[in-house]
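Hello,

Here is the structure I promised to pass on. My notes follow below it.

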Amino acid sequence: TLIIFVSLPLDTNNRNFLSFEHLFHNHDHLKNFNSWCSLQLISIVMATSNGSCLKVPDIHDNTTIGGGVQDVYGEDRATEDQSVTPWNVSVASGYALLRDPHFNKGLAFTEKERDAHYLRGLLPPTVICQETQVNKMIQNIRQYEVPLQKYIAMMDLQERNERLFYRLLIDHVEELLPIVYTPTVGEACQKYGSIFMRPQGLYISLKEKGRILEVLRNWPEKNVQVIVVTDGERILGLGDLGCHGMGIPVGKLSLYTALGGVRPSSCLPITIDVGTNNEKLLGEELYIGLKHRRATGQEYAELIDEFMTAAKQNYGEKLLIQFEDFANHNAFDLLERYRSTHLVFNDDIQGTASVVLAGIVSALNLVGGNLGDHRFLFFGAGEAGTGIASLIALEISKRTNSPLDEVRKNIWLVDSKGLIVSSRKESLQHFKKPWAHEHEPVEKLVDAVNQIKPTVLIGTSGHGKTFTQEVVEAMASNNEKPIILALSNPTTQSECTAEEAYNWTKGRAIFASGSPFPSVEYDGKVFMPGQSNNAYIFPGFGLGLIMSGTIRVHDDLLLAASEALASQVTQEHYDKGLIYPPFTNIRKISANIAALVAAKAYELGLATRLPQPKNMLNFAESCMYTPTYRNYR
């Protein structure tokens, strides 16, 4: 029997002390100690600063705030004017504190903190505030002319000072979103081997088969609530990038925190490396992944299944697993296989669908009519295309009380072989078959536009410049205000540019794209192209699932997210031709999405956090992580 007494100053009015359960679980040297000594922790007490003894209370209660993560360090239970303790293995201090991105504040350490944590002489004597640091950093970022250099600078900041990184990203979100995510992240993934400095997530390869639970336990944070995972086979519109696809989970989770307020310590990026079929990468000296062709079939399925089982075992039933950039043939199968046993979400299929549906609903205020009155033509019938089509059909069915089969007749898809029609049904992949309608075969997109006469044209093909002048002019000839959504990423893969869409329709198009485009002037009028970016949806959607303790994703939750996003578009935005609100308000938008998603989860009986909060929006806002510096004891 071993009794441990620790003498530490303690604010008895707040529970701001280290969880010893967390300490013994997290650190290898204590695990080793436990392996040779049968340690029975009968009583742990802490001596307060006045010499009295206080029994450590159980902090693993049902109260969960700060994006849903257990408040292990007592940080969220302290108000902003109260101090917290920068715990690491021990209290971080001195040089180690300056090298810890979770607690480093750079020149913002106060005089008192420099004395208390042995920082004297390790920093220049001046003290500056976080706001000044943000101004300095944005000026430094702007000095780089190449977007990839800005990306590298941002990733370096994230590894040095986590709170400053998120403060900078939040304060300058419209400027920096294209840097930390699409389109720049695509180039970063292509060159990941040459810019790789230190790992930012977990790499699970075929070498770890049979040991994945052990690998997950190597991750230092134990209260993970969101995993974004990819196998790198279909990165944006760039194809198979293998292990270099890690930039996508890292970027997505940065947005979960900055835009959705999910605590960074609860986020885990993972790449599952089963090889790559990219011959260029296989011959590249700096490629960081397995240098062999992709494993498929049973070997692939067994690895994924082991990962899913281990993740749920290690992190619990309410762990959100977001599948990202899997190839079509795996993406649909994985979502279908695990949606009834895990809390899973595929952003390419479901997130894209939700944000596009919100844009179309908003566009109705500009073109008039009901959703069921419109006819849709998709160029691209993969994950995004069929996912969007399915959610549109579901929403129309609910609004009109019509059967899904009947609703689908107004939604047409074109793939690489032309219009999807009934005569092709036997050769179609299963996810395309619901969209095979009676019609003669049509090979060219422009012919499909002229024959189907859609009011909405949606590009999800991953191929740039496919909305040609002929195609766009055909849309304009059939519609007074054609809705044209060129959604493929990155910018080079967009089906057309904003300038082309406005010029070829003589300024009549309602346009949005997947990657950002600058404003366009036509005939003396300035048009602000919208960006149908998944970042509108998945951060708030994830927060809503976490804060309500939701255990499964239902399609009605996606419809709720779309409704919440569409409701944030004001008349002022419509006057500018926008169908999405500006990203400057993204934290407010995410809170509203989280509130509506959580409310729907409670309505469907999928939420486990009880009692249900009375004011869901206030609760969502209270759960959001804020990267303001904290004072240290």
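Start with Gln350. Beyond its neighbours within four places in sequence, Gln350 contacts Leu335, Arg339, Val344, Phe345, Val553 and Leu558. Keep in mind that this is a predicted model.

Gln350 sits in helix α16, which covers residues 347–367. Its relative accessibility is 4%, so Gln350 counts as buried; the cut-off for that is under 20%. Glu383 is 33 residues away from Gln350 along the chain, and their C-alpha atoms are 8.8 Å apart.

One of those contacts, Leu558, leads to the next element. Leu558 is among the buried residues of α23. This helix runs over residues 555–566, 12 in number. From first C-alpha to last, α23 reaches 17 Å, close to the 16 Å expected at 1.5 Å a residue.

How much of α23 is buried? 10 of its 12 residues are, so the helix is largely enclosed by the rest of the structure. The buried set is Asp556, Leu557, Leu558, Leu559, Ala560, Ala561, Ser562, Ala564, Leu565 and Ala566. The cover over these residues includes β9 (343–346), α16, α17 (383–400), α22 (538–548), α24 (571–575) and α25 (586–604). Helix α16, listed there, is also where Gln350 lies.

Last, the empty space. The structure holds 1 cavity of 30 Å³ or more. The largest cavity encloses about 40 Å³. Its lining consists of Lys312, Gly316, Glu317, Leu319, Ile321, His342 and Leu343. By type, that lining splits into 3 nonpolar, 2 polar and 2 charged residues.

Best wishes

Note on methods
Residues are numbered from 1 along each chain as its sequence is written. This is a predicted model: local features need pLDDT of at least 70, side-chain atom pairs count only at pLDDT 80 or more; totals for chains, interfaces and linings use all residues. Side-chain values use heavy atoms; hydrogens and water are left out. Helices (H or I, at least four residues) and strands (E, at least two) are DSSP runs, numbered from the N terminus. Buried means under 20% relative accessible area, exposed over 50%, partly exposed in between (1.4 Å probe, protein chains only). Contact means heavy atoms within 4.5 Å. The expected span of a helix is 1.5 Å times one less than its number of residues. On a 1 Å grid over the protein atoms alone, a cavity is a set of points where a 1.4 Å probe fits but cannot get out, and a pocket is an open set with protein on both sides within 12 Å along at least five of seven lines; lining residues have an atom within 4 Å of a point. Grid points are joined across faces, edges and corners, and a volume is the space filled by probe spheres set on the points. Ala, Val, Leu, Ile, Met, Phe, Trp, Tyr, Cys and Pro count as nonpolar, Asp, Glu, Lys and Arg as charged, and the others, Gly among them, as polar.
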